Every structure is written in C-alpha cells, then in structure tokens.
Amino acid sequence: MNDSRTVLTDTEQRIWLEAFHLEGGEPDEPWSIDKWTIRGGPGDGIDVIDIDNGCLSVSVLPTRGMGLWKARCDDLSLGWDSPVRRPVHPSLVQTADAGGIGWLGGFNELLARCGLASHGAPGVDHVSDAKGVATEVPVTLHGRIANLPAHKVEVGTDSDGRLWVRGEIDETMLFGPCLHLASTFATHPGSNRISLHDRITNLSGREAEFEVLYHTNIGRPLLGPGARLVAPARRVIPRNQHAADDIRQFDVFASPDVDYVEQCYFLELQSDDADRTLVVLHDAGGQRGLALEYAIHPLPCFTLWKNTMADADGYVAGIEPSTDYPNPREFERANGRVPTLAPGASWDAHIDFVALTTPEEVNESVARVKSLLGETSTRLVEMPLPNLCPAD
Amino acid sequence: MNDSRTVLTDTEQRIWLEAFHLEGGEPDEPWSIDKWTIRGGPGDGIDVIDIDNGCLSVSVLPTRGMGLWKARCDDLSLGWDSPVRRPVHPSLVQTADAGGIGWLGGFNELLARCGLASHGAPGVDHVSDAKGVATEVPVTLHGRIANLPAHKVEVGTDSDGRLWVRGEIDETMLFGPCLHLASTFATHPGSNRISLHDRITNLSGREAEFEVLYHTNIGRPLLGPGARLVAPARRVIPRNQHAADDIRQFDVFASPDVDYVEQCYFLELQSDDADRTLVVLHDAGGQRGLALEYAIHPLPCFTLWKNTMADADGYVAGIEPSTDYPNPREFERANGRVPTLAPGASWDAHIDFVALTTPEEVNESVARVKSLLGETSTRLVEMPLPNLCPAD
Amino acid sequence: MNDSRTVLTDTEQRIWLEAFHLEGGEPDEPWSIDKWTIRGGPGDGIDVIDIDNGCLSVSVLPTRGMGLWKARCDDLSLGWDSPVRRPVHPSLVQTADAGGIGWLGGFNELLARCGLASHGAPGVDHVSDAKGVATEVPVTLHGRIANLPAHKVEVGTDSDGRLWVRGEIDETMLFGPCLHLASTFATHPGSNRISLHDRITNLSGREAEFEVLYHTNIGRPLLGPGARLVAPARRVIPRNQHAADDIRQFDVFASPDVDYVEQCYFLELQSDDADRTLVVLHDAGGQRGLALEYAIHPLPCFTLWKNTMADADGYVAGIEPSTDYPNPREFERANGRVPTLAPGASWDAHIDFVALTTPEEVNESVARVKSLLGETSTRLVEMPLPNLCPAD
C-alpha cells in the first residue's frame, strides 16, 4: 500500500475541499475515507470526516474541535442519544449562556474534548498579568476547544496501511491563552481500534497553564441496567455527598430514571510498567463493551460521570481521562493540579478507543484491568475529600 | 390537482436543496413555491421559502425559527420597517447581549415566534432539578426559538389545492428544555388567508413548562394615525402606569412620535362556542386591515404592544396571542399561568392571518368581533393589576 | 480609462458574487481587483476584496466591518502577527465573553474599526429612554462594528484611474443605536497611498451619540527596538501611572519583552491650516515607515498603544485617531467628548495610509510633522489627568 496525503482544509493555502473520497483495501476488507459537509439546519457548514476501516467506522468533526461524533464497529454503535440530536455549528453555541453552561447546547459527541485553557465547571477565575495585577475572568463550562473549527485538516494513508485524519486548531487571543492543538485519529484496516494522538503546544512567549479532559460518552446499547465500569482504581472518591450516598454501586449503572441527578466519581488508576492503563465499560451481560487504553502520565486524573436519566433526556455515562479534575480551574490550581507548558513546549496524549464486540474480547480486557490492579484493592472513599471536591 | 411533497432540508438524510421552484394553478390564478438562500451580508445562509397563492404571498424563514418574514396581498404589504432592515442569521444574534435583549438585533419579522422554554422580558429564573435543588438561570428576551434553524423543511401541495411549508425545530439541551416545534403554514390558491398550525411536543421524560407568544407586527401602510385595534375584549389591563395614563385611547394608534415610549395592554378576549376569537387591526379609514382568527383555548392571553415611535426607529404595533403574558417567567409561574406538558405530550395552536384588502372585508370582520362580544362591554381597568403586571 | 462599477453584494437585490476579477493598467503598471471568500476554518464565509494597484496591495474584509486586514507595498508588509493568526468570522466572536473582551478573539487586522455606538474599554453605561428613564447597558470592548458584515459591497474604477471598494453596514437595533456606515477605500495605480473615507449616518429619528476609533496596528518589520512614533503633539498624557513611569520614552519602541504590560498615551495633535495632521511610525533606522495623514476636526483624539510583548504574544503598536478617547463611554460623556448626530445627519472622516518605503520618504514625512509643530514644543504630562484618564 502506498503513502498518500490530501489536504482538505488549509486556510493559508486557500484550500478547502467540499467533498473527498478515497477507497482501497482488499476485496474482503475494503476501507474508505470520506469528507462531506452538513448543509441546512443547526449544523450547516460543519465538515465531517468519515473513516471506515472495513470493521470500525468513525465520524470526526474538524469544525467542532476535532471531536469524535460517533463510531460503529460491525453492528455495535458507540455514542449516545443526546437531547441535542445533531451536530451544532460552533457559531450557534453561545458558551456564556444560561450562566456559563451554553456549551451543553452543542453536546452530543461520543468524544467531546474539553479545554484547552480550562475545562470543568463554570465559575470565576483570577488571572494575573505580567505585572501581577489580577483580573476576574469568567470561565465557561468545558472551555472553548469543542467549538473551535480546525484551520488545517489532512487525511492520509501510510505504507503500513494506517488510515488517518489530522486537524490543527488555535485557541488563541491577544492577552489570553495561546494554545495549539494538533489532533490525529488513526486506525488500521480491519481493526477494532481507533488511536487518538493529541499534541498541545504553548504558542506564547510566557509559561501557560492548560487543562484537557476527554469526555467520552456512552449510551445505548452498551449502557443499560447492570452495565459496569471496570477500572484499575486504587481509590474512588465521590465528588459530593449525593455521589457518596451510592458509592458502593459506583461501578454499576442503573435503569433510566427520570428523577436521577448526575453522580461523579474521581478514580485514581493504576498503570503498568509502560505507563499504560485501561478502563472498560461493558454491557450487563459482558457481551460487548468499549475500552479506553492510554498512557496515564499525561492524564493522571479520571472521572466517571453517571447520568442515567430517562432515555429521552440523555441516558449516558462518561468515562473521562484528564490532566486534572473537572472542578473550577481556580480550585484545581489551588490544589496544584493545573499543568503548565513552557514557551513553545508541547504535551502529548495517546488514547486508544477499542470496540469490544464479543464476550471473549470483553473478558480479555477485564482480565487485563485486573492484572493492572494486581493485589491492590480498590478503596471506596466514603466522603468527598476537600482537596479533590469543592463544596457544592 | 395532485398531492406533492418535497423535502428541502433533512439533515439526517443529508438533504438540502439550494434552490427549488414549483408552480401550478389556472392561467388566471397561478401559484408558486420557491426556495432560495440569502447570500452575503448579515443574513448569509438564511433559507427563505416563498409561497405565492396568486393573491397572497408570504416569505417564511426556516433558518430563523420558522418566522414569517413578510407578506403581501395584492398591493397591501404586511410587516413593518424595523431598524434591522434585513433578516439576520441566528449565528450573529447574541441573545445575552445588552443585558439580555440581544434578540432585538434580529427582530424584523411580521411574525416572530417567542418561546419555547420562555418568552417575555429578560430576567433571572430559579429552576429546580429532580432533587429539588434550585439553580439561578438567566432568561433572555423572548427565548431561543426565533434563532434556531429548522433541521427538517418540507413543502407540498394537497389534492384540495392547499399549498404548505412545514418545518421542525428542536429547542433542546442536556439538563435543559427538550421541546420540539412542528410548524406548518398553509394557504389555498386565490385566498387572502394563511393558516399557521404549530405543534409543540415535550421530548423529555419529565413534565416540562413551555411558553409561546406570536409576536405579530404591523407597520405602514396599515398602521398610521387613527388606525385601530378591534378586539372582543372583556377587560383591558395596562401593563404599567405609563400605559394606564392612556388607557382610554388604548385601541387607537397615534402618529409617529420620536419621544414615544412603548405601551402594552393585556386583553381578555371573548370567543365563540367553537372556541374561536378574532382581532382586527385596520387603517384609519377602515379601508384595509389584518385579522387574526384563532382558537383561544391554547392561547388564552393577548397583548397589544403600541410602539408608535418615529418611522425611522420602528413605527409598529404588535398584536400578540400567547400562552401567558410576556412577563418574566418566574412572575408568570407564581401567578399560575405557565403551561406544562407531560412527557411526550403535545400542544397545538392554529392561527389564521387574514389580509383584509377592501372596506367590505374590514367591516365584515369588525362586525364579527362585535358579535363575539355581544352584550358584554369592554371594561378598561384603570391601573396595573398585581397578578398580571410585575412592578416596573 | 473607463469608469466601471460592479456590485459584489446587495442582499436586497439578491446579488452576491462568489468570485470576481478585474484587471487593467499599463504593461509596466498592472492593477487588479479580486474578490474571494475564505472557506474552511474559523474564517469560513468571510469575503475578501484584494486591490493591487501595482505598487500597493490591500485586503479589505467586508464581512468583518470593512476592516483592512493587511497591506503590502513592494516588499514592505504592513500589519502585525496577532496570536489570532487568521480572520475570524463574526459569528464566532462572542463579544461579551471573558468579561466583555471577547472582541479580542477576532482581533488581527492592520486596521480594525472600533465603534459605532461605542468603543474603548468594556463597562456599564446608563442610557435614558425618551421619558428620561435610565437603563444599565453593558458595553463590550470596542463595540460591534468590526463584527458586522456589510450588506452592500461594490468595487469600481474611476475615469482618473482610481480603484475603489465601498461597503455599507447597519449597526441597528430596535430600542438601540441606528447608525449606518458607508466606507470606501480607494487608491491610484502605482501609488503608495490608500485613502479611507468613512461616512457615519444617524438613521434614527432621535439625536444619537456615536464613537469611532481607527485601531491601526503595526508589528514587524516596521516595529522593532528603536522604532519611533513621530507626531505633532502639543501634549502627551499617560493613561495611567504605569504609562507615566515611561513617558520620557513614549515615542520609542522597545524590544519584545514577555513581561511587558501595555502602555497607552493620549496625544493632542497639531494640524495645518487645511485641518490636516500627520503621524509617522518608522523603523529604527528611519528606512521605512507608515504615515497616517488625516483631517483632524472629525478625529480630534489620538491614542498611542504600546504593546511590545513577546513576538509570539503580539508584538504590536497601535496608532489610533478617534472621535474621543477609548475610555468607558460613560466617562467620555461625562467629560463632554462623545459626539452626537442629529436625525439623518452624517459625519465624515478621511484618513490616508501611506507606505513609506525609502529613507527619503520617511525623512520627508518627518519634516512635515516638524513643520506642523513649528515652534510649539511637545509637553510631556507627568501624570494621568483626571478628565482624560479614568482611575484604574
């Protein structure tokens, strides 16, 4: 197989392809890469990149911060049924709305990236200029990156058969954060795995904070009563008293409940000698699941978001590796968790999303989680911890 | 005549027609349906559906919440000259701006629908979650629906000759309102009447509040000094003291006045045995007018908005049927007027807009209003009422 | 040479040309006018007009308020390297963000026009209605005009060879400002000069305030350590104590400094008998520069903005003629500087931007500045003045 590379968008070069199609592979294992643009409705103008490796197909949204809209592996759909039923163009998402949670007006992806200058709950932060003069800065839910369009988008194939899409996004502003994201999704023909490599670079001449959280969201069919999270957790901390009330069932998902109010748990995960960790969310019968396999050093924090409301309102669970916890940034900074980048420096994360379509694959992944934990037991902390959990 | 149906927009099916034209009818009574898209300027990307029944022509804006931009019947223009002279794309309307009145930056339609989660004055509301925990929610002027694009748009003709356009819009958000609007405008060849049928459905698994107001706006040529509102009102209540000052002239419109400050009156309307009511706004000579004829049960409230400022600033009157009054939602809830929908339940409204182009048509409509009132007299309330009118 | 005129955009006439090219001139001095549209990325949908007179080329952005994106004269680039590296569509600029400074998310032009209802620092103003009832109005940084698309755009050539582009923009809203901008950029083949003529008209029936500031931004190569502003200033006033600390070097620019915090100076400029004034920003060696030559009566105020931060963060200087100072509008009004327009009245400004590409041209301009000043000396005020400088 040959290398190929096609620039789909490059605003400097005045390149933007309205549509693109590439296909290849063996007759019994064809693959394809397609680009199209949503026309009409609230998503008008959103570019979509579909990569189908013959087994796994994914839809990436360069216009929505290189989010992963949805995926499918054989007959297993990955994603969720958000009340926001279609992708929404960033120009229609007013992030400051409704007290800083306008981000939710566009939230429906399998993977919505949160960051780059901040993620987590909205609130007010205090940011100092070079002379140490602090200004109040309102911070909105989950930051800007999910609503920033990529200015450069490329797709290609490598000689080893790898299929990929790469997008670049600036989250920059005079007197504000100057961060750059280069995000690549890649997969091999016939594989049940899609690999994400994100590189965040500080474009500024000054040291910069950043935060990123990979909001991975699973609904039906994997999620259902009795579905389970399997994770190599040394400790599980409830975010608030409401989560603490049910900590003994933190890893089991309930039936849809119209009166359910979201519960979050912070997990401290074990990794192997190569810095890899693995979490699995599988269905009640252990028939199918989704695994996230990733290097833990750049993503030391992990949040489980349980939101088993009525199906109509967004029955969903979030499994969320991150640089720090999705608390207000000021709280995370006070607790020493907000990472920084020197001028020009970069940070890299690698996450594999693996569709588990057979009981054997589920079992094998669960066994690997258990071996990561070894003889360490999972300690359930009974109450929110003051250094991890801001008062409600 | 045959049935026909064309999908112009369907984001799920990847359908979006850049342009569409259909025509038919008898040689002396041709009709047409056209679809085009505004290109360039602040309206870039707005889809427009023009329906011309040979007598009455209307322009509907699916991209702006299925608003009715303007209409014309023979040589009678219906609509007004807003300082906002052209349709504005929702992506350029920042509803939270200027203290929550950014909606006005896009306000220029003959019919701007207000709602669906809220309408009326901006303010702060308190909304409780399933556990009864209340959150402060900023509410902006007249809600979101007028700035939400339809994700599905169809046009068609029925075997009885009816011409129609139908649009569907979701006003949804995780942890927020999940309401769906299906809106149909229909007319018959040669008719002076356009019929609106709106159905609002609660998509949520929980009971939901909603509010809707049909902000119907009339300027020149119907509006002018001596123009008059004729309505079967049992009671007329001034919204504030400034309106109370002129209550004896509530139904007569003044000349443009640069120093005019808007006055609003709440009208309690009489209906017939079939639940129908009728209001007429006609010009000074009773030569021409616009009638609204509608079922009152779903729309028990009616607001007259007098805004006879200078022509340049928007000389206009609003005649506004609604579910409840355009006060802050918290006030309306406290007074028991905010309607609710059970999970999956729907609400339907039907409003006919009738262009009256002769004195005979005006007289006939005025006579029908009088027969609706019968022997009931219209009582002018001298002061704002505390259950209808929040303190300024 | 013949007159010509082409309408590129006219939303009333349903005209919008996706692309346009016109060329002419002598073989040794060809000129061209091009129109294209940015596709993809955060600038998707921005119309660009390029005028190349054979010597000087400029790019005008009708979609971003008729801003002047960048210019080039022979091998001299005019503009700056903002951290915002590409034009951003107004629909992605949320001006109220980050405490009212969201405007900076789209700020990267050589000339960004600030206004029309307000410019300067964000804050709260109090605006009275016709009855004298005051309302709190949040005002965002530098107003709306830079993020409003032109609804009418024309290009043309005159019989004397002049090449021009003209755009019209409404900044209007019911119950708000109703101002109209007609902006023309014009140049002659082979010239090093581009002339801007702006006309602002009050569309309202009431007297209206307005404010406008021409935020002209210069980075490399003109800006560098030792670069200098030469201006016929009678007085120079530091905006705050931080600027006062360095007032003796107000006219010299420093090397990039990651810890630099912006300094602003207000200059009171001398003009000639024909009401013309001239300011020059030239490089350290006096080899090349940019001159602004303009009628001072409509633009009595001038701000020098020094922002010599690290190159990566936006190493830039602003030279900014304006109607009044970029302080909060309420402060400017209290000090009698906010101009007003009677109903229907207009205000005109003319500014020439002159690229100086040789030491001779620089010297000649500097000499003209000196002759404007004559025997008047430049007085450096040591402290912020209470009527010009609000307390920090």
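Two residues are said to be in contact if their C-beta atoms, placed from the backbone, lie within 7 Å. The structure above is a predicted model, in which local features need pLDDT of at least 70, side-chain atom pairs count only at pLDDT 80 or more, and totals for chains, interfaces and linings use all residues. Residues are numbered from 1 along each chain as its sequence is written, while chains are lettered from A and ligands numbered from 1 in the order in which they are written.

We begin with chain C and its neighbours. On one side, 31 residues of chain C are in contact with 31 residues of chain A. Helix 1 (97-100) and helix 3 (311-314) of chain C each supply at least two residues of that side, and helix 3 of chain C gives the most, with four residues; helices here are DSSP runs of H or I with at least four residues, strands are runs of E with at least two, and both are numbered from the N terminus. The contact between chain C and chain B takes 31 residues from chain C and 31 residues from chain B. To the side of chain C that touches chain B, strand 11 (134-139) and strand 13 (163-172) of chain C give two or more residues each, with strand 11 of chain C giving the most, three residues.

How are chain C and chain A related in space? A rotation of 120° with 0.0 Å of shift along its axis superposes chain C on chain A, with an RMSD of 0.0 Å, where copies are superposed by least squares on the C-alpha atoms of residues with pLDDT of at least 70 in both. That is the relation of a three-fold axis. In chain C, the C-alpha nearest the axis belongs to Ser91(C), 3.0 Å from it. The copies use different surfaces, since 10% of the contact residues of chain C recur in chain A.

We now turn to a single helix. In helix 5 of chain A, the residues Val362(A), Ser365(A) and Val369(A) are buried, a word that applies if 20 or more other C-beta atoms lie within 10 Å of a residue's own, whereas exposed means 12 or fewer and partly exposed lies in between. These three cover an arc of only 70° around the axis, which puts them on the same side of helix 5 of chain A, the arc being that of the directions from the helix axis to the C-beta atoms. The face turned away from the buried side of helix 5 of chain A carries the exposed residues Glu360(A), Ala367(A), Lys370(A) and Ser371(A). Just after helix 5 of chain A, Gly374(A) takes a positive phi of about 60°.
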